[in-house]
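Visitor: Hello! I would like to take a close look at a single part of this molecule, and I am happy to go slowly.

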Amino acid sequence: MGVFASTDDPGSTGHEQVVFCQDKQTGLRAIIGIHSTALGPALGGTRFYPYASEEAALADVLDLSRGMAYKNALAGLDHGGGKAVIWGDPDKVKSEALLRAYGRFVESLGGRYYTACDVGTYVADMDVVARETRYVTGRSVEHGGAGDSSVLTAWGVFQGMRAAAEHVWGAPTLRGRRVGVAGLGKVGKHLTGHLLDDGAEVVATDVSPRALDWARSTYPQVTLVSDAAALVAADIDVYAPCALGGALDDDTVPALRAKVVAGAANNQLAHPGIDKLLAERGILYAPDYVVNAGGVIQVADEIEGFNFDRAKLRATRIYDTTREILQLADAEGVPPAVAADRLAERRMAEVGRLRMIHLR
Ligand SMILES: NC(=O)c1ccc[n+]([C@@H]2O[C@H](COP(=O)([O-])OP(=O)(O)OC[C@H]3O[C@@H](n4cnc5c(N)ncnc54)[C@H](O)[C@@H]3O)[C@@H](O)[C@H]2O)c1
């Protein structure tokens with residue numbers, strides 16, 4: 001994969017900056033990818049993962065940072081897209097010194113990139129990173145941060161789902177619908193609460209016995225099924241993938257009985273052809289990166305000094321954005337994921353262009 005953009009290289013990724021960081025003593029090997037700062041400083045989490053190779057780590061950071069540019073643009077944030085990966089097994093190599101070494105590299109970028117949590121990193125880790133850099137968010141409440149972002153992520157997913165329901169059934173509510181929630185983790189739990197409050201019936205599954213016990217004791221009215229395959233095949237109106245990526249693939253889509261897919265999981269489409277397959281089956285897909293933006297909305301708000309009501313209001317607007325995307329998809333005859341990309345690119349171009357107005 002080529003990193004540098006050029007008009008005669010369609011495989012290029014168009015990233016502004018990719019930084020390789022190494023500290024031999026602590027074992028730190030990190031790559032920071034800045035896709036675009038057209039809308040403001042790049043913002044995106046740090047993934048700590050035992051990649052098979054440096055190439056795999058690079059491919060992931062390029063992909064993830066590009067995705068953040070689109071997510072941040074559609075969330076209405078004044079942030080460009082960035083992401084970092086630390087190559088290694090967090091259970092074996094994560095240490096105070098390694099995280100602080102990483103923090104110094106983030107600081108060295110002078111605010112072009114703000115980091116936060118992702119797979120393999122937690123709010124407590126960001127508190128450590130923050131001892132070396134100002135450019136970190138997603139911190140603990142004790143350190144002035146906003147804490148767990150799943151509350152607003154779930155709220156945003158619910159808003160996106162309401163917009164999808166309105167598009168298909170004419171009213172922005174899940175009342176009387178059967179919603180299948182795959183994954184009763186941090187986001188799935190909150191989402192289940194919003195759905196039940198709205199008058200929906202919830203069918204759910206999880207691989208964790210603890211999560212299932214939680215559901216039995218907290219919401220006995222939720223129907224539990226054995227696994228995700230059973231949920232996909234169940235008589236549901238909406239499917240909400242809230243566990244891992246790749247939930248929609250060549251096997252699940254033909255079996256899916258739901259008319260709407262809207263969930264928190266990142267990268268739900270196993271490959272780019274899946275959105276066409278969904279459209280052919282008449283299933284409306286609310287793009288994952290649009291509806292799950294509540295988390296990044298929260299960490300972006302924290303940079304200003306966290307205000308829950310303000311952040312919630314912004315996450316509520318995911319309803320309007322999803323609505324606009326679904327209308328644009330219909331008008332332009334393209335899948336919603338394509339319409340979402342077009343809308344994000346439009347904002348990056350229109351607002352990013354303003355930087356050309358010279359200021360002293
Ligand atoms: N937490 C956030 O703020 C946030 C923001 C944006 C996107 N997301 C994405 O949303 C998804 C859920 O995030 P989370 O924070 O709730 O994670 P989590 O780890 O708390 O929950 C995931 C749940 O899915 C379950 N699970 C795993 N594999 C499963 C399977 N095959 N079938 C059924 N259940 C399975 C796990 O047991 C766990 O309970 C992830 O893909 C995450 O990347 C989360």
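Visitor: How many bridges join strand β7 to β8, and do the two run parallel or antiparallel?

Guide: Happy to help! Keep in mind that this is a predicted model. Strand β7, residues 178-182, is joined to β8 by 5 bridges, and the two strands run parallel. To find one of these pairings, look for Gly180, whose bridge partner in β8 is Val203. Strand β8 itself covers residues 201-205, and 4 of its 5 residues are buried.

Now follow the chain between the two strands. Together with helix α6, residues 186-197, β7 and β8 form a right-handed β-α-β unit. The chain then goes on from β8 through helix α7, residues 209-218, to β9, and this crossover is right-handed too. Strand β9, residues 223-224, pairs with β8 in the parallel sense over 2 bridges. Here Val203 turns up again, with Thr223 as its bridge partner in β9.

Next, let us visit the ligand. Of the 18 residues around the ligand, those that come nearest include Val187 and Asp206. A backbone N or O atom of Val187 lies 2.8 Å from a ligand oxygen atom. For Asp206, an N or O atom in the side chain is 2.6 Å from an oxygen atom of the ligand. Asn266 also takes part, with a polar side-chain atom 3.1 Å from a ligand oxygen. Taken alone, the ligand exposes 830 Å², and the protein buries 72% of that. Helix α6 appears here as well: α5 (150-169) and α6 are the elements that give two or more residues to the shell around the ligand.

Terms used: Residues are numbered from 1 along each chain as its sequence is written. This is a predicted model: local features need pLDDT of at least 70, side-chain atom pairs count only at pLDDT 80 or more; totals for chains, interfaces and linings use all residues. Side-chain values use heavy atoms; hydrogens and water are left out. Buried means under 20% relative accessible area, exposed over 50%, partly exposed in between (1.4 Å probe, protein chains only). Helices (H or I, at least four residues) and strands (E, at least two) are DSSP runs, numbered from the N terminus. Two strands pair if DSSP finds at least two bridges between them. A crossover is right-handed if, with the strands pointing away from the viewer, the path from the first strand over the helix to the second runs clockwise. A residue is near a molecule or strand if one of its heavy atoms lies within 4 Å of it. A polar contact is a pair of N or O atoms within 3.5 Å; within protein, one must be able to donate a hydrogen and the other to accept it, and residues adjacent in sequence count only if both atoms are side-chain atoms. Accessible areas come from the Shrake-Rupley method with a 1.4 Å probe; for residues, only the protein chains shown count as cover.
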